[in-house]
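Okay, thanks for making time, everyone. I'll put the structure up and then talk you through the metal sites and the aromatic pairs.

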Amino acid sequence: MFDWNQDPHRRFNPLTRQWVLVSPHRTERPWQGQTETQDAPVQPAYDPACYLCPGNARAGGFRNPHYDATFVFDNDFAALKPTTPVEGFAQDGLLIAESGPGICRVICFSPRHNLTLANMEQADLRRVVDAWVEQFLDLGSRDMIGYVQIFENRGAMMGASNPHPHCQIWASHTVPNEVSTEQESQLAWRRDRHSCLLCDYARLELASRERLLEENGSFVTVVPFWAVWPFETMVVSKRHLTGIDGLTGAERDDLADILKRTTARYDRLFGVPFPYSQGFHQRPTDGAPHDEWHFHAHFYPPLLRSATVRKFLVGYEMLAMPQRDITPERAAERLRGV
Ligand SMILES: [Zn+2]
Ligand SMILES: [Zn+2]
Ligand SMILES: [Zn+2]
């Protein structure tokens, strides 16, 4: 008999329509006793050398105001520029390029250099949610912007050089790859089943609770059935809404709450500030209703079994398909236990 907890198998991600190889037999030993804690360097509340702290100088001669809540500014090293003209290039169906305008911004979550989502006050985190909504509306309402990607890289392991709590927004003319793939899947689901893919998925996870980590009135956090990263999670709104701008006041509070609880759980797992890339997926801002879209967030943390052992997507994963050892159910159990 086939055993899902022991035998190699592959799982399907209905959002990306990609498969992941699961090899649970490679983790035959229990995890107890294998975690190492690592003392995180103690950060000061203010760092005179930090380009995100209030009052400090940034690149290009700019200076931050003495802000006391959130602070938004245009990225000094923007990957996209608002003045780029829209043009296309194609040769023999092989060499294809497109140009278009975009805007890159940075949001500092707090003036305090040494805070994280997990240890911010609920009321201050709510202000961050408000800033996300404001930015989505501001950038998304511009004709030249087709998609607003909000994301956070945390920890040196994810390439974040500055510990000051902040996120980035890249607002682009076109819809980026991941978003466009998920959009096609959600559209197809809606067409074929007359329902919403993530409404259906959230219902299923709430009923089974096997991969569920956190729940409040408006959101759930789960380790998706098809997770690639060992402790990957998804935060999904219980109510069908296409974007962050649809959140009610109470739902904004609930989003702040579930993000705080999810990241705090991560930090407790290996006793370190957990590195991750995190961000929202939502409808494009081309003016169409996009009712197929269901607002959600992904957390992609690289850590595997301790503060220092990370997973790499290399070898078979670059050449063939992603692979994981610990099952998503086991990962959920581990995260629930801390
Ligand atoms: Zn700082
Ligand atoms: Zn939905
Ligand atoms: Zn997504």
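One cut-off before we start: buried here means under 20% relative accessible area. And keep in mind that this is a predicted model.

Let's take the zinc ion that is ligand 3. Its donors come from Glu182, listed twice through OE, plus His281 through ND1 and His296 and His298, both through NE2, at 2.0 to 2.3 Å. Along the chain, the spacing of those donor residues reads E-x98-H-x14-H-x1-H. His281 sits in strand S12, residues 276-281, and His298 in strand S13, residues 296-300, so this pair ties together parts that are 17 residues apart in sequence. Is His281 buried or exposed? Its relative accessible area is 8%, so by that cut-off His281 is buried. His298, at 6%, is buried too.

Now over to the zinc ion that is ligand 1. Here we have Cys50 and Cys53 giving SG, and His113 and His164 giving ND1, at 2.0 to 2.3 Å. What is the geometry of that site? The angles among the 4 donor atoms run from 104 to 116°, and the site is tetrahedral. For reference, the ideal angle for four tetrahedral donors is 109.5 degrees. The spacing for ligand 1 is C-x2-C-x59-H-x50-H. Within that set, Cys53 and His113 link distant parts of the chain, 60 residues apart: Cys53 is in the loop between strands S2 and S3, and His113 is in the loop between strand S6 and helix H1. Cys53 has a relative accessible area of 0%, so it's buried, and His113 counts as buried at 1%.

On to the rings. Searching the whole structure gives 15 aromatic pairs. One of them is Phe109 with Trp132, edge-to-face, 6.0 Å centre to centre with 85° between the planes. Phe109 is in the loop between S6 and H1, while Trp132 is in H1 itself, 23 residues apart. Both of those residues are buried. Trp132 also pairs with Phe280: the centres are 4.9 Å apart and the planes are at 70°, so that pair is edge-to-face. Phe280 is in strand S12, 148 residues from Trp132, and again both partners are buried.

There's also a cluster joined by ring pairs: Phe231, Tyr266, Phe270, Phe274, Tyr276 and Phe299.

Last thing, two arginines over rings. Arg11 lies over the face of Phe225, 4.2 Å from the ring centre, and Arg310 lies over the face of Phe312, at 4.5 Å. That's it from me.

Conventions. Residues numbered from 1 in each chain as written. Chains lettered and ligands numbered in written order. Predicted model: local features only at pLDDT ≥ 70, side-chain atom pairs only at ≥ 80, totals over all residues. Heavy atoms only, no water. Donors = N, O, S within 2.8 Å, 3.2 Å for Na, K, Ca; no water. Tetrahedral: all angles 85-135°; square planar, octahedral: opposite > 155°, others 65-115°. Helix = DSSP H or I, 4+ residues; strand = E, 2+ residues; numbered from the N terminus. Buried < 20%, exposed > 50% of the residue type's maximum accessible area, 1.4 Å probe, protein only. Phe/Tyr/Trp six-rings, centres within 6.5 Å; stacked < 30°, edge-to-face > 60°. Lys NZ or Arg CZ within 6 Å of the ring centre and 35° of its normal.
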